[in-house]
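Here is a short briefing to read alongside the coordinates. Have the viewer open and follow the topics in any order you like.

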Amino acid sequence: MIARARLQSLHAEEERRFVELHPRSATLAEQARGPLLAGVPMPWMTRWPGAFPVFVESASGARLVDVDGVEYVDLCLGDTGAMTGHALPQVAEVIAERARTGITTMLPSADAVWVGEELARRFGLPTWQLAMSATDANRFVLRFARYLTGRPRVAVFDWCYHGTVDETLAVLDGDRVVPRPGALGPQVDVAVTTAVVPFNDLDALERRLAEGDVACLLMEPALTNIGIVLPEEGYLAGVREVTRRHGVLLIVDETHTMCAGPGGCTAAWGLDPDLVVVGKAIAGGVPAAAYGMSAEVAGRLSGPMLGHEIDVAGVGGTLTANALALAAVRATLSTCLREEDFAVAVPLAERFTEGVAGVIAEHGLPWHVQRLGCRAEYWFCPPPRDGAAAAAAVDEELEAFLHLWCLNRGVLLTPFHNMALFSPHHTTADVDRHTQVYAEAVAALLGQ
Ligand code: PMP
């Protein structure tokens with residue numbers, strides 16, 4: 001359908017254009033190759049399109065400006081870390097104030113009470129804890145689940161992503177659980193620690209949990225890290241029923257799916273998890289995450305929390321729940337990611353989806369675009385039912401080209417996704433700009 005030779009020559013042209021547009025980033029990238037491994041401060045920054053990463057100068061609202069002065073419509077929003085929009089003045093003010101009055105003391109600040117109450121109100125789970133990142137929060141809830149059930153394994157969906165949690169970097173190879181492709185130096189033997197089940201397959205879940213060795217199912221209510229894969233009608237109710245019947249704790253990771261509304265899918269779809277994890281966007285860009293639990297789980301955990309050796313319990317982080325993070329969460333959740341914010345952002349994502357779907361339909365391509373709340377993503381296959389089907393349709397060459405084409409035209413997509421996230425700071429003109437750029441890319445690819 002897509003002539004590969006044309007794709008490669010178009011891509012080469014875009015690579016040239018990228019280098020021309022970014023002389024200052026090129027210089028910084030060259031300098032960074034000295035002190036920084038692979039020339040970046042953290043590994044996945046090498047995965048951005050172009051010969052080197054664009055170095056950022058500033059970001060505000062839905063805009064990002066690089067060190068060469070090029071401005072972008074930011075549809076990446078820090079892969080959800082800035083789902084509120086960047087550099088919100090009301091959050092910045094609170095952060096600056098807190099920076100002047102002490103950031104980290106290992107003591108709670110009064111904001112902790114507000115934050116706990118607000119998270120309880122949004123997600124319907126009564127009791128909360130803070131963490132530094134969603135990865136940390138996931139690690140902690142897995143530990144609690146094993147402690148509470150006395151069972152050794154955690155279950156996840158095939159092709160899930162929950163951060164750098166060792167046991168979750170696992171996929172199915174036939175019936176076998178194996179390390180996810182790309183997982184460096186596996187820290188644990190996932191064949192021993194992890195049960196992996198396909199998404200949208202209740203029978204497989206039932207069969208696996210019936211073995212009796214699984215402590216918890218850690219899941220996204222819709223997969224968002226291998227395109228967007230939505231749950232089929234009745235599936236999530238089935239998951240709740242099966243997990244409960246087998247005494248398996250249900251943990252909903254809402255780190256990305258908070259795009260569905262102020263209380264994530266848990267509130268939007270009336271889910272009834274034992275534990276919920278949130279992260280990324282809740283502190284307006286300051287590192288912070290949280291996890292909530294049912295009254296039953298909280299009741300069983302509160303005893304151990306008072307133990308003499310709780311400081312070495314494996315749930316920690318010296319800077320976690322620091323006063324800056326708590327102030328930032330409060331400033332963010334009191335002014336962002338509310339019903340009225342989603343009422344602006346979701347229609348933008350709908351418009352994006354319609355625009356992209358229109359281009360796909362116009363050319364009769366076997367692709368699709370999926371949406372969940374203010375998040376949308378296109379993928380180069382018909383809508384898949386599970387993660388493995390989505391993974392099988394990954395087209396790295398095509399994705400790399402589209403990302404670079406968009407970036408060269410001032411539209412930033414999320415790396416290793418074809419994801420666009422909308423904040424209340426985006427405009428319909430931003431959406432239409434992407435649609436136009438995307439339409440031009442597809443036409444070029446088809447030689448039109
Ligand atoms: N959970 C989900 C669903 C995620 O997508 C991610 C990161 N993409 C994480 C957890 C981990 O978040 P962090 O990298 O901020 O720890």
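Ala 38 counts as exposed because 11 C-beta neighbours lie inside 10 Å, and a residue with 12 or fewer falls in that class. Ala 38 sits in the loop between helix H2 (23-32) and strand S1 (56-60). Please keep in mind throughout that this is a predicted model.

**Positive phi angles**

- Most residues other than glycine have a negative phi.
- Ala 38, a residue other than glycine, has a positive phi near 60°.
- Trp 159 is likewise a residue other than glycine with a positive phi, here near 70°.
- The place of Trp 159 is the loop that links strand S5 (153-157) to strand S6 (170-173).
- Is Trp 159 buried or exposed? Trp 159 counts as buried, because its 25 C-beta neighbours inside 10 Å meet the cut-off of 20 or more.
- Two glycines can be added to the list: Gly 247, just after helix H8, has a positive phi of about 65°, and Gly 174 has a positive phi of about 65° in the turn between S6 and S7.

**The open sheet**

- Seven strands make up an open sheet with mixed pairing, and their order is S4-S12-S11-S10-S9-S5-S8.
- Strand S4 (127-131) and strand S8 (194-197) are the edge strands; each has a single partner strand, so one side of each has no neighbour in the sheet.
- On average, neighbouring strands of this sheet are turned by 20° against each other, direction ignored.
- Within the sheet order, S9 is followed by S5, and S5 pairs with strand S9 (residues 214-219) in the parallel sense over three bridges.
- Which residue of S9 is the bridge partner of Ala 155? The partner is Leu 217.
- Leu 217 also serves as a reference point for Glu 296: the two are 79 residues apart in sequence, and their C-alpha atoms are 17 Å apart in space.
- Glu 296 belongs to helix H10 (residues 295-305) and counts as exposed, because 11 C-beta neighbours lie inside 10 Å.

**The hairpin**

- S6 and S7 form a hairpin with two residues between them.
- The pairing of S6 with strand S7 (residues 176-179) is antiparallel and runs over four bridges.
- Asp 173 stands opposite Arg 176 in S7.

**Helices H7 and H8**

- Helix H7 (residues 202-209) lies across S5, S8 and S9, and it runs at about 160° to S8.
- In helix H8 (residues 235-245), the buried residues are Leu 236, Val 239, Val 242 and Thr 243.
- Why do these residues lie on the same side of H8? They cover an arc of only 120° around the axis, which puts them on the same side of H8.
- An α-helix has 3.6 residues a turn, so residues three or four places apart point the same way.
- The cover over the buried residues of H8 includes H7, S9 and strand S10 (249-253).

**Around the ligand**

- The ligand is surrounded by 15 residues, and the closest are Ser 133, Ala 134, Thr 135, Gly 163 and Thr 255.
- Which helix gives the most to the shell around the ligand? Helix H5 (residues 134-149) does, with three residues.
- Sorted by class, the shell has nine polar, four charged and two nonpolar residues.

Technical notes
Residues numbered from 1 in each chain as written. Predicted model: local features only at pLDDT ≥ 70, side-chain atom pairs only at ≥ 80, totals over all residues. Near = placed C-beta within 6 Å. Nonpolar A, V, L, I, M, F, W, Y, C, P; charged D, E, K, R; others polar. Pairing = 2+ DSSP bridges. Axes fitted to C-alpha atoms, helices over the stretch in contact; angles between N-to-C directions. Contact = placed C-beta atoms within 7 Å. Arc of directions from axis to C-beta.
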